[in-house]
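Me: Please take a close look at a single part of this model, beginning with one side chain and its surroundings. Then please set that part within the rest of the chain.

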Amino acid sequence: MVKPDLRVLLVNDRAAGGVPIVVLALAEGLARCGWQVTLLSCIEDGLDLVAPARAAGVEVELWAGFKGSGMLALLRRLRQPFGLVVTQHRGCDILVGFLCRLRGLRHAVVVHGDPGCQTADSGNRGMRRWLWTRTIARCCQVVTISRWVAGRVRAYAPQAQVPLAVVPNALVRTAVVKSGVGDPGTGGLHLVACGRVYPAKRPAALLDLVEQIRASGVACRATWIGGGPDLTATRTMIQIRGLSEHVHFIGPVENPASIYASGDVFVHFCSIEGFG
């Protein structure tokens, strides 16, 4: 029988896009570390990953969210002796955090993007910000996926004194330089990025990164896969900055497997999807 302090309830209220896929991967990773994981999740995309998660020992319950039967299912789960409850989205953090305090359960928050951007479209931004700040101030741990996200959390909720851990998923330039990856004969270190070319994905950050790495004396080139409204403007910017030989925005690609295989590092700059 598994001890209660090794039982984790992972709650996800986002049904589509990349979030469910990342949540399933997180659940599988926790299970492989020896935790008994229950995933309560709205899932439309990423259903093909449910089987691998279950094979890794994750109990997956498809969930209806915070309405009707979904709320009853959540309350039923929170009556069980979990050692930790994990959430990773603003609205879910707030509500589940409140319920955890009522039940005396430990609550941890995973932050994968700029919380300010994630609430930018909300009509009650001030109240949501105040509630989320109180939530993270009372939880037992906040985990961010990069130092940049950690900085955005501190800027968004400066008064919240909470243990904040960084589990990096981004390129640390000094580590790359020391590792010696990349063959100068083929253009050096090859960075690969993928996504729509528009402001939230921060395509200009790739240009900045290539310039920084090359300025340090490391040969570097970059490929961005994907189209979008800012594709033409970004290509113009590449020419203006003199990076045409080093940075290539190649547009949509039906099968990018060979491009991924040629890369040394995958980079992701999106301000609202920092889980890259």
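Reply: The surroundings of I259

I259 counts as buried because its relative accessibility is 16% (buried is under 20% relative accessible area, exposed over 50% and partly exposed in between, with a 1.4 Å probe and protein chains only). The model is a predicted one, in which local features need pLDDT of at least 70 and side-chain atom pairs count only at pLDDT 80 or more, while totals for chains, interfaces and linings use all residues. Residues are numbered from 1 along each chain as its sequence is written, and side-chain values use heavy atoms, with hydrogens and water left out.

I259 belongs to helix 11, which covers residues 257–262 (helices are DSSP runs of H or I with at least four residues, strands are runs of E with at least two, and both are numbered from the N terminus). Once neighbours within four places in sequence are set aside, the residues in contact with I259 are H190, V192, T223, I225, I250 and V253 (contact means heavy atoms within 4.5 Å). One of these partners, I225, stands 34 residues from I259 along the chain, and the two C-alpha atoms are separated by 8.7 Å.

The stretch of sequence that holds H190 and V192 leads on to R202. This residue sits in the loop that joins strand 8 (189–194) to helix 9 (204–215). The backbone of R202 has a positive phi of about 55°, although R202 is not a glycine. With a relative accessibility of 29%, R202 counts as partly exposed.

L26 offers a second side chain to set beside I259. L26 is placed in helix 1, residues 19–32. Its relative accessibility is 29%, and therefore L26 counts as partly exposed, whereas I259 at 16% counts as buried. Apart from neighbours within four places in sequence, L26 is in contact with L10 and V110. L39 is 13 residues from L26 along the chain, and 9.8 Å separates their C-alpha atoms.

The packing of helices can be followed through helix 4, residues 90–103. The axis of helix 4 comes within 11 Å of the axis of helix 3 (residues 69–78), and the two cross at roughly 40° (axes are lines fitted to C-alpha atoms, for helices over the stretch in contact, with angles from 0 to 180 degrees between N-to-C directions). Helix 3 and helix 4 are therefore oblique to each other (under 35 degrees is roughly parallel, over 145 roughly antiparallel, 65 to 115 roughly perpendicular, and the rest oblique). Helix 3 contributes M71, L74, L75 and L78 to this contact, and helix 4 contributes L95, V96, L99, C100 and R103.

Helix 4 also meets helix 6, residues 125–138, with the axes coming within 9 Å and crossing at roughly 50°. This pair too is therefore oblique. Here the residues from helix 4 are R90, G91, D93, I94, G97 and R101, and those from helix 6 are R128, L131, W132, T135 and R138.

In the protein as a whole there are 11 helices and 11 strands. Of its 276 residues, 45% are buried, and I259 is one of the buried residues. Among contacts between residues at least 6 apart in sequence, 68% join residues at least 24 apart. I259 and I225, in contact and 34 residues apart, illustrate such a pairing.
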